[in-house]
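Subject: Structure handover

Hello,

Here is the structure I said I would pass on. Notes on what turned up are below it.

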Amino acid sequence: MSAEAGTERTSESFGLDPLIRTTLILLYGALALPLPLMASGNARLLMLLALPLGLLLVLALLSERVTVSAEALERSWPAWAAAAFRGSSWRVEWPLVERLVPVTTSQGGRVHYIRTGDGRHLLLPQRLERFDRFLELLHERSGLDLAGVGRLTPPWTYRLLAVLSGLMLAGEMTAGALGWTSGPI
């Protein structure tokens with residue numbers, strides 16, 4: 001692709017990596033689906049009503065979008081989820097981007113904050129689909145040195161969590177089919 005073809009699009013949007021999204025939905029299912037089976041009486045009905053609400057919240061959390069345009073970098077949610085995350089959306093114009101501030105997490109990972117000219121520290125999204133493309137655009141538009149910036153968590157950790165969540169779901173379905181979960185624990 002030529003340099004001119006790359007600049008034809010005025011903006012590109014990036015969502016959460018599909019592996020991460022799928023894994024977290026599977027994990028929600030593995031943790032939440034057995035709850036109504038273990039509850040008794042009115043609690044069972046409440047749990048059944050809460051399951052779709054919980055799933056809706058999980059889907060809202062996973063619907064974050066990051067848009068790189070010629071003018072700015074923006075983090076947002078779709079209209080149906082935006083009200084829940086109003087304070088978490090942000091937009092920063094390229095001239096305000098000053099530098100990246102790396103911060104080591106308590107688990108030994110590294111997150112990066114975008115330091116802006118108006119004093120904000122905005123968390124750099126590191127769990128995006130097409131992450132290499134996102135970093136390429138971020139470097140082109142901001143001029144930031146992105147050496148050392150990578151994904152927050154390696155993909156194998158999400159693959160392992162997806163397999164474990166799938167095994168939990170399979171075990172719960174088997175236990176339900178065999179009648180092992182017919183009453184409260």
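Which residue does Glu12 form a salt bridge with? Before the reply, a caution: this is a predicted model. The partner is Arg130, and the closest N and O atoms are 3.2 Å apart. Glu12 sits in strand β1 (residues 11-15), while Arg130 belongs to the loop between β7 (121-123) and α6 (131-142), so the salt bridge ties together parts of the chain 118 residues apart in sequence. The two ends are not equally covered: Glu12 is buried, at a relative accessible area of 6%, whereas Arg130 is partly exposed, at 42%.

Next, the helix that follows that loop. In α6, Arg133 and Glu136 make a salt bridge, with 2.5 Å from N to O. They are three residues apart, which means a separation of about one helical turn. In general, an α-helix has 3.6 residues a turn, so residues three or four places apart point the same way. Arg133 is buried, with a relative accessible area of 15%, and Glu136 is partly exposed, with 40%. Through shared partners, salt bridges join Glu12, Arg130, Arg133 and Glu136 into one network.

Another pair is Arg151 and Asp17, whose side chains meet in a salt bridge at 3.5 Å, N to O. Arg151 is in the loop between α6 and α7 and Asp17 in the loop between β1 and α2, so distant parts of the chain, 134 residues apart, are linked. Arg151 counts as partly exposed at 32% relative accessibility; Asp17, at 14%, counts as buried. A search of the whole structure gives 10 salt bridges, the pairs above among them.

Now helix α4. This helix runs over residues 42-61, 20 residues in all, and reaches 28 Å from its first C-alpha to its last, close to the 28 Å expected at 1.5 Å a residue. There is nevertheless a kink of about 30° at Ala50, shortly before the proline Pro52. Buried residues in α4 are Leu51, Gly54, Val58 and Ala60. They pack against α2 (18-32), α3 (34-38) and α5 (79-82).

One last residue is Pro155, found in helix α7 (residues 155-177). Pro155 is partly exposed, with a relative accessible area of 34%. From Pro155 to Ser69 the C-alpha to C-alpha distance is 27 Å, and the two are 86 residues apart in sequence.

Regards

Key. Residues numbered from 1 in each chain as written. Predicted model: local features only at pLDDT ≥ 70, side-chain atom pairs only at ≥ 80, totals over all residues. Heavy atoms only, no water. Helix = DSSP H or I, 4+ residues; strand = E, 2+ residues; numbered from the N terminus. Buried < 20%, exposed > 50% of the residue type's maximum accessible area, 1.4 Å probe, protein only. Expected span 1.5 Å × (residues − 1). Bend = angle between axes of the 7 residues up to and from the residue. Contact = heavy atoms within 4.5 Å. Salt bridge = Lys/Arg side-chain N within 4 Å of Asp/Glu carboxyl O.
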